[in-house]
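Please walk through this protein model one step at a time, starting with how its helices are arranged and ending with its nonpolar core.

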Amino acid sequence: MNNSVVFPKSLLIPIKGFLQNELARLRKTKHSIEKSDPFMNSDRTVQNSVEEDVDEQIGHNETQAKAKFLSKQIVQFRKALARIKIGKYGVCERCGQMIDTDRLAVRPEITLCISCSKEMDD
Ligand SMILES: [Zn+2]
């Protein structure tokens, strides 16, 4: 049995479009989050009160956490697009098994099957 053709092209085209749109959206969001970082604010007062410093630190940490999360997402979407390019979309990048199509329908950017993603979370 030939497993190389997993997804028909007619299905891959909308998936690819979705991934590209999401990727663009994620990049935009990340950019605006990074700009909202209080540490990036050039008008930032040097003579901060302690409370202001704390607020800025919290704001900065939140921004960093969000940006980190978005970076991960961006990598994931780029990976999924790369899988389409090499004709391996829907195949687990770790074990080579087919990824459950119900999971892909919910999260088209995933590149790991359910058992591998569970192992990776451990
Ligand atoms: Zn797997």
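**Helix packing and core**

Helix α1, residues 9-36, packs against helix α2, residues 50-85, with an angle of about 160° between them and 9 Å between their axes. Angles over 145 degrees count as roughly antiparallel, so α1 is roughly antiparallel to α2. The crossing of α1 past α2 is left-handed. The model in which these helices are seen is a predicted one.

The protein chain as a whole contains four helices and zero strands. Read from the N terminus, the order of elements is α-α-α-α. The chain is more spread out than a compact globule, because its radius of gyration is 20 Å, well over the 14 Å that the globule rule gives for 122 residues. Taken along the principal axes, the box filled by the C-alpha atoms is roughly 70 × 30 × 20 Å.

How many of the residues count as buried? Of the 122 residues in the protein chain, the buried share is 11%. Contacts can also be sorted by sequence separation: among those between residues at least 6 apart, 60% join residues at least 24 apart.

The largest nonpolar core has five residues in all: V91, I99, I110, L112 and C113. I99 can serve as a point from which to view this group. Beyond its neighbours within four places in sequence, I99 contacts V91, I110 and C113, among others, and these three are also members of the core. The other contacts of I99 outside that sequence window include G90, C92 and L104.

Key. Residues numbered from 1 in each chain as written. Predicted model: local features only at pLDDT ≥ 70, side-chain atom pairs only at ≥ 80, totals over all residues. Helix = DSSP H or I, 4+ residues; strand = E, 2+ residues; numbered from the N terminus. Rg over C-alpha atoms; globule rule 2.2 N^0.38 Å. Buried ≥ 20, exposed ≤ 12 C-beta atoms within 10 Å, placed from the backbone. Contact = placed C-beta atoms within 7 Å. Core = buried A, V, L, I, M, F, W, Y, C linked by C-beta atoms within 7 Å. Axes fitted to C-alpha atoms, helices over the stretch in contact; angles between N-to-C directions. Parallel < 35°, antiparallel > 145°, perpendicular 65-115°, else oblique. Left-handed = near helix turned anticlockwise from the far one by under 90°.
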